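Got the model open in your viewer? Let's take a walk through its empty spaces.

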Amino acid sequence: MELVERRDRGGVATLTLRRPEARNALSLAVLDALVAHLAAIDDDGSVRVVVLAAEGPAFSAGHDLRELAAAPDDAARSRIFERCSQAMVAIVELRVPVIAAVGGIATAAGCQLVASCDLAVASSAARFATPGVDIGLFCTTPAVALQRTVAPKHAMELLLTGEAISAHDAWRIGLVNRVVDPDRLDAATAALATQIASKPAATVESGKASVRRLAGMALRDAYRDASAAMATGLVAAEAAEGIGAFLEKRPPSWPAP
């Protein structure tokens with residue numbers, strides 16, 4: 001059985017974690033498979049959006065603690081954490097948006113995985129936590145993604161208490177975008193992915209890259225970069241078609257990516 005399964009439909013690639021018996025723990029093998037799929041998608045011009053889902057009642061319980069405990073030395077343990085970091089960076093730097101579909105618990109590195117995605121739709125049954133502090137191992141790497149996604153005090157509360165929060169609290173602090181009934185998770189995620197996939201591909205891709213780039217800039221530098229990006233985008237084929245369609249009161253016909 002594939003640890004991470006890929007299915008494509010209508011420009012949307014769905015990657016499904018498939019270790020339900022281990023609550024989709026992020027073993028080195030799972031991380032390797034995830035990184036490989038993301039690299040392939042980055043080179044696949046037919047993919048407009050990625051959905052990251054999970055099989056079974058848990059989204060992901062984070063790192064495989066049995067695997068970490070059994071690692072023979074510090075180098076082996078470091079390889080696991082480094083591979084996890086590579087997976088998170090690959091999601092952030094992927095040319096297309098990534099949507100997490102969270103049906104159950106997302107803890108520790110599983111919560112980090114949600115925070116690393118561009119968007120997240122959660123079942124009302126989902127729960128989120130970074131409970132490393134409870135076992136004497138602070139969730140330092142999940143903190144990287146959390147503090148870039150939610151307000152600092154919300155991130156610190158999750159990290160320092162280890163307490164699980166509900167899907168509605170995750171929505172309140174900005175960790176997820178939408179909360180839906182459990183039986184609507186797949187449909188709601190698919191609807192959001194399809195909506196984004198229908199937008200002009202080059203515009204979405206350059207937009208995601210710009211937002212990521214601007215986040216690390218000083219205010220004046222960010223406005224300078226953003227202004228240049230808009231000036232360049234204004235003369236691109238997609239903008240020409242979109243503006244023309246708006247002025248002519250007709251649906252746009254987007255050029256192929």
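This tour goes from the largest pocket to the largest cavity. Keep in mind as you click around that the model is predicted.

**Stop 1: the middle of the pocket**

Select Val-92, Ala-115, Ser-116, Arg-148 and Thr-149. Of the 28 residues that line the largest pocket, these lie nearest its centre. The space around you here comes to about 790 Å³.

**Stop 2: the pocket walls**

Now colour the elements that give two or more residues to the lining of this pocket: helix H3 (74-93), helix H4 (109-116), strand S6 (119-123), helix H5 (140-146) and H9. Which of them gives the largest share of the lining? That's H3, with 5 residues.

Try colouring the pocket lining by residue class next. You should get 15 nonpolar, 8 polar and 5 charged residues.

**Stop 3: the closed-off space**

Leave the pocket and look for enclosed space instead. How many cavities of 30 Å³ or more are there? The count is 1, and the volume of the largest cavity is about 40 Å³.

To find this cavity, select Arg-48, Val-96, Ile-196, Lys-199, Ala-201, Val-204 and Glu-205, which line it. Which element gives the most to this lining? Show helix H9 (residues 201-214): it puts in 3 residues. You've met H9 already, as one of the elements giving two or more residues to the pocket lining.

Last, colour the cavity lining by class. There are 4 nonpolar and 3 charged residues here, and no polar ones. Arg-48, Lys-199 and Glu-205 are among the lining residues to click on before you go.

Technical notes. Residues numbered from 1 in each chain as written. Predicted model: local features only at pLDDT ≥ 70, side-chain atom pairs only at ≥ 80, totals over all residues. Heavy atoms only, no water. 1 Å grid on protein atoms, 1.4 Å probe; cavity = no way out; pocket = protein on both sides within 12 Å on 5 of 7 lines; lining within 4 Å. Points joined across faces, edges and corners; volume = space filled by probe spheres on them. Helix = DSSP H or I, 4+ residues; strand = E, 2+ residues; numbered from the N terminus. Nonpolar A, V, L, I, M, F, W, Y, C, P; charged D, E, K, R; others polar.
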